[in-house]
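User: Hi! I'm new to protein structures and would like to learn how to read the place where a ligand binds. Could you walk me through this one?

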Amino acid sequence: MKKRPIVLSALTLALGLGAASLAQTTVLKKGLKITLLPKNINNPYNVTETQGGLDAAKEIGAVAKVVGPSDAGASSQVSYINTAIAQRQNALILAANDANALLPYLKRAMQSGVKIVTMDSDTAPEGRTIFINQANSEGIGRAQVQLLGKLTNYTGDIAILSATPNATNQNTWIKWMQEELKLPKYKNMKLVKIAYGNDDDQKSFTEMQGLIQAYPNLKGVISPTTVGISAGARYLSTSPLKGKVALTGLGTPNQMKQFVKDGTVTAFQLWNPGDVGYLATYAAAALASGQITGKTGDTFTAGKLGKYTIGANGEVVLGPPYTFDKANIDKFNF
Ligand code: RAM
């Protein structure tokens, strides 16, 4: 597990230990109206993510609010997009529950003058101007398989416990997991099932149970969702297979601490979700202030996180993911 100093310093800053650099905020407009729309509102990941957005809004004098559905379905997000248009919001920041289903509504919003920034889970590029990606998608997907390979000694049946079947972020990561699995070193590992817990705690728990029961040779599960990995760990922690079936994926340190300490989970990954929302809000404010248009090469300053450049297809990458284990998990509180 490599720990790159740059990752630690980003997280250290997120913990409030760093100095804020607000140099560029003077050119951002004051009083911008910004709506944050996460996948769903009852997921601790999304709470931390949108809190980062509210923190950024406070720094720049914007009026921000968080709205959203209780389930992670695309149709559940439509009314919130329409409300943002009706309320003449300057910007809407959303984690999209589907890559295509929201496009007509998002296009209407953009035509009405609402700047659209996606974070966490993207739409097709024509549905937004900027996408704030938490980390490089290929890197996330491949790293999950590399971690599970190490934990299972590169042998046995494996499964994926994902979020919703339409989640753009998880589907992109899974595509890269499948690419990684094609490499010769994984020839004795077989992906037997992709299950979907819909980012619903109870459904994820039941799906984990189903995987364990249906596949007796199961040696490992990757759950690239904080809801899935925590529900999966809760199931495994009281199962005779605890410590025998390896579970890894993307989790929040606070939800996973107890399962790392009781030996259910050895290691998992994530970034700071608060930084995703924080960066997205600075990007949205820069767009709505006319400071940037979102074209490749545009740069903007995101408060304490520093300077970012818009990459190809309007994508901005927050930074590399971080691996949490017994040795470091107590240092984090989110
Ligand atoms: C869940 C959500 C979110 C994803 C994280 C890793 O909280 O699916 O979109 O980024 O997991």
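Analyst: Happy to! This is a predicted model, and a good place to start is the set of residues around the ligand. There are 15 of them, and Asn43, Asp120, Gln170, Asp199 and Thr226 come nearest.

User: Which polar side-chain atoms lie at 2.9 Å or 2.6 Å from an oxygen atom of the ligand?

Analyst: For a polar contact, look for a pair of N or O atoms within 3.5 Å. Here, a polar side-chain atom of Asp120 lies 2.6 Å from a ligand oxygen, and one of Asn43 lies 2.9 Å from a ligand oxygen. The side chain of Asn169 also has an N or O atom 2.9 Å from an oxygen of the ligand.

User: How much of the ligand's accessible area does the protein cover?

Analyst: On its own the ligand has 290 Å² of accessible area, and the protein covers 100% of that. The ligand sits in the largest cavity.

User: What kinds of residues make up the shell, and where do they come from?

Analyst: Sort them by type: 6 are nonpolar, 6 polar and 3 charged. Then sort by location: domain 1 (33–135 + 273–319) and domain 2 (137–270) each supply at least three residues. Helix α6 (residues 168–181) gives the largest share, 3 residues.

Definitions and conventions
Residues are numbered from 1 along each chain as its sequence is written. This is a predicted model: local features need pLDDT of at least 70, side-chain atom pairs count only at pLDDT 80 or more; totals for chains, interfaces and linings use all residues. Side-chain values use heavy atoms; hydrogens and water are left out. A residue is near a molecule or strand if one of its heavy atoms lies within 4 Å of it. A polar contact is a pair of N or O atoms within 3.5 Å; within protein, one must be able to donate a hydrogen and the other to accept it, and residues adjacent in sequence count only if both atoms are side-chain atoms. Accessible areas come from the Shrake-Rupley method with a 1.4 Å probe; for residues, only the protein chains shown count as cover. On a 1 Å grid over the protein atoms alone, a cavity is a set of points where a 1.4 Å probe fits but cannot get out, and a pocket is an open set with protein on both sides within 12 Å along at least five of seven lines; lining residues have an atom within 4 Å of a point. A molecule sits in a cavity or pocket if more than half of its atoms lie within 2 Å of its grid points. Helices (H or I, at least four residues) and strands (E, at least two) are DSSP runs, numbered from the N terminus. Ala, Val, Leu, Ile, Met, Phe, Trp, Tyr, Cys and Pro count as nonpolar, Asp, Glu, Lys and Arg as charged, and the others, Gly among them, as polar. Domain bounds come from an automatic or database domain assignment.
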